[in-house]
Amino acid sequence: MAVIRASGPGIRFGLESIAGGLPAPRRASLRSLRDPADGSLIDQAIVIFLPGPASYTGEDCAEFQCHGSRAVVAALLRCLDALPGWRMAEPGEFTRRAFDNGRLDLTEVEGVADLISAETDAQRRQALRQMDGGLSERAAGWRDQLLRARALVEADLDFADEDDVPDSVAAEVGDLVAAVERQVSEVLAASAHGERIRDGFEVALLGPPNAGKSTLLNTLSRRDVAIVTDVPGTTRDTLEVHLDLGGLPLTLIDTAGLRETDEVVEAEGIRRTRRRAGTADLVLWLDETGRAPPDDIVSAGPPVWCVQTKIDRIAASASQAAGSPDGTSGPAFQLSAATGAGIDTLLGALTAHLLSLAPTTPALVTRARQRLCLERLQAALVSAGGDDLPLEIRAEHLRRGTDALASLTGRVGVEDILGEIFSSFCIGK
Ligand SMILES: Nc1nc2c(ncn2[C@@H]2O[C@H](COP(=O)(O)OP(=O)(O)OP(=O)(O)O)[C@@H](O)[C@H]2O)c(=O)[nH]1
Ligand SMILES: [Mg+2]
């Protein structure tokens with residue numbers, strides 16, 4: 001079966017021309033679809049008429065559930081395209097119209113986009129909450145409180161004698177601003193988790209050349225992604241694979257083995273390795289001998305877990321139990337990609353670690369764009385909360401705060417980013 005969706009002012013006329021009349025609203029009706037040009041039958045299909053404004057886009061909409069063969073879909077699209085005022089939709093145009101008609105705000109649009117591209121369960125749950133207005137509801141509440149604060153300040157500016165500002169007004173404004181600031185700070189504090197769930201947790205595989213980093217990447221991703229050879233220095237560039245670890249999105253990064261080299265390409269690879277070591281959420285230091293990583297890796301920032309590789313080669317130590325990831329003193333894990341020994345222990349520890357980083361409830365802020373808007377709001381609130389500020393200045397800070405909220409929900413000042421957001425959608429959404 002194929003579903004063809006349509007939206008716009010020409011829907012009623014189109015349905016009358018092709019489906020032999022307007023079906024009852026919001027009911028699935030079996031109709032013969034005919035080419036208006038010559039009356040020939042195209043298909044028998046379920047047709048649903050969804051009158052605006054209570055539709056996804058806010059306009060009149062129609063859905064044709066026809067047989068899914070290419071010939072049927074092509075014939076139907078050809079007839080629909082020939083109707084006056086009908087044309088093929090652009091990517092994301094349905095959601096764009098829903099946004100333009102006030103059915104969705106920008107954070108909800110971002111939720112739709114994230115739901116479409118969600119790869120893991122945690123991403124799906126987070127996107128659903130966003131699409132459902134999780135962040136917009138909070139933003140609307142803050143906006144109401146700030147508008148009240150602005151109204152109080154501005155009424156005072158307009159009517160009160162400059163020297164005679166009633167303390168009660170200043171106190172109420174102060175309370176409102178402080179309450180909103182506290183809530184915004186809480187939401188911002190959880191934003192790192194939200195962005196991590198959306199973009200994936202990064203785990204970088206580091207170690208000397210030939211340690212077995214690329215082999216472990218291939219084993220964990222169950223694909224032959226990275227080239228593996230016994231030549232030290234095989235991997236030159238950083239390489240990423242996306243995995244679903246217990247519902248959490250994980251980006252595993254293979255890197256160039258660390259060593260002194262005069263070779264230009266390898267040196268650039270090593271420079272990239274060091275950079276990734278600083279920005280990952282976790283570093284796995286792989287070494288065949290089980291030696292600890294050099295100090296600059298340990299002090300790079302993220303936690304480092306030591307992994308001794310190729311234990312199938314050292315039968316004696318293969319019988320030792322794997323330790324716990326308690327820092328960087330000595331090997332915490334031992335594994336063999338060749339036999340599979342120790343892989344499950346490492347995966348179990350990784351899952352537990354990522355779960356401890358992930359929020360228990362879905363985060364509200366999931367993108368840098370949203371975080372930047374809230375940081376602007378927070379800065380404005382901190383300024384507005386300053387004691388003994390002249391009322392004019394306070395009003396100005398509060399106005400900056402409501403402006404930041406308006407750009408969060410896409411009501412003002414976002415024209416330049418709209419194209420970018422909607423172009424990431426697929427056609428038909
Ligand atoms: N016996 C044994 N050999 C392994 C194991 N893992 C990797 N090897 C071998 O070790 C060699 C190097 O493996 P790679 O995965 O390319 O090592 P790397 O750390 O990516 O090396 P560079 O890219 O050069 O930094 C290859 O010949 C692998 O087949 C293992 O668990 N057991
Ligand atoms: Mg490699």
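This tour proceeds through a predicted model, selection by selection.

**Stop 1: the magnesium ion**

Begin by selecting ligand 2, the magnesium ion, together with Ser214 and Thr235. The ion is coordinated by the OG atom of Ser214 and the OG1 atom of Thr235, at 2.0 Å. Ser214 belongs to helix H9 (residues 213–221), while Thr235 sits in the loop between H9 and strand E6 (239–245), so the pair ties together parts that are 21 residues apart in sequence. Are these two residues buried or exposed? Ser214 is buried, and Thr235 is buried as well.

**Stop 2: positions annotated in UniProt**

Next, select Arg26, Glu63, Arg103 and Lys429. An unreviewed UniProt entry lists these four residues under "binding site". Two of them, Arg26 and Glu63, are visited here.

Centre the view on Arg26, which lies in the loop between helix H1 (11–18) and strand E2 (29–34). Its relative accessible area is 46%, and the residue is therefore classed as partly exposed. To display its surroundings, add Ile48, Phe49, Leu50, Pro51 and Ala54: Arg26 touches each of them, when residues up to four places away in sequence are not counted.

Move on to Glu63, in strand E4 (residues 61–66). With a relative accessible area of 19%, Glu63 is buried, the limit for that class being under 20%. Which residues should be shown around Glu63, leaving aside its neighbours within four places in sequence? The contacts are Val3, Ile4, Arg5, Ile46, Val47, Ile48 and Leu50. Ile48 and Leu50 also appear among the contacts of Arg26, so keeping them displayed links the two views.

**Stop 3: Thr273 in helix H10**

Select helix H10 (residues 264–279) and find Thr273 within it. Thr273 has a relative accessible area of 0% and is buried. Leaving aside neighbours within four places in sequence, its contacts are Leu206, Thr238, Thr255, Ala256 and Leu258. A distance monitor between the C-alpha atoms of Thr273 and Arg236 should read 9.3 Å; these two residues are 37 positions apart along the chain.

**Stop 4: the nonpolar cores**

Now select Leu216, Leu252, Leu284, Trp305 and Leu346. These are the residues with the most contacts inside the largest nonpolar core, which has 31 residues. Two or more residues of this core come from each of strand E5 (201–206), H9, E6, strand E7 (248–254), strand E8 (282–287), strand E9 (304–308) and helix H13 (343–357). Which element gives the most to this core? Helix H13 does, with six residues.

Centre on Leu346 to look at the packing in detail. Not counting residues up to four places away in sequence, Leu346 touches Leu216, Leu284, Trp305, Val307, Phe333 and Leu335. Apart from this core lies another, of 28 residues; Leu135, Val173, Val184 and Cys373 are among them.

**Stop 5: salt bridges**

Side chains of opposite charge can pair when their charged atoms come close. The count of salt bridges in this model comes to 28, and three of them are suggested for display.

For one of them, select Glu59 and Arg97, whose side chains meet at 3.0 Å, N to O. Glu59 is in the loop between strand E3 (41–50) and E4, and Arg97 is in helix H3 (residues 93–100), so the pair ties together parts that are 38 residues apart in sequence. Arg97 counts as partly exposed, at 23% relative accessibility. Adding Arg87 and Glu93 to the selection displays a network of salt bridges that links these residues with Glu59 and Arg97.

Turn then to Arg367 and Asp114, which form a salt bridge at 2.8 Å, N to O. This pair links distant parts of the chain, 253 residues apart: Arg367 is in the loop between H13 and helix H14 (368–384), and Asp114 is in helix H4 (residues 106–117). Arg367 is buried, with a relative accessible area of 14%, and Asp114 also counts as buried, at 10%.

Finish with Arg276 and Glu240, a salt bridge at 3.1 Å, N to O. Arg276 lies in helix H10 and Glu240 in strand E6, so that distant parts of the chain, 36 residues apart, are linked. How accessible are the two partners? Arg276 counts as buried, at 15% relative accessibility, whereas Glu240 is partly exposed, with a relative accessible area of 38%.

Conventions. Residues are numbered from 1 along each chain as its sequence is written. Chains are lettered from A and ligands numbered from 1 in the order in which they are written. This is a predicted model: local features need pLDDT of at least 70, side-chain atom pairs count only at pLDDT 80 or more; totals for chains, interfaces and linings use all residues. Side-chain values use heavy atoms; hydrogens and water are left out. Donors are N, O and S atoms within 2.8 Å of the metal (3.2 Å for Na, K and Ca); water is not among the atoms, so sites may look incomplete. Helices (H or I, at least four residues) and strands (E, at least two) are DSSP runs, numbered from the N terminus. Buried means under 20% relative accessible area, exposed over 50%, partly exposed in between (1.4 Å probe, protein chains only). UniProt positions are given in the numbering used here, feature names are shortened, and annotations may be inferred rather than shown by experiment. Contact means heavy atoms within 4.5 Å. A nonpolar core is a set of buried Ala, Val, Leu, Ile, Met, Phe, Trp, Tyr and Cys residues joined through side-chain atoms within 4.5 Å. A salt bridge is a side-chain nitrogen of Lys or Arg within 4 Å of a carboxyl oxygen of Asp or Glu.
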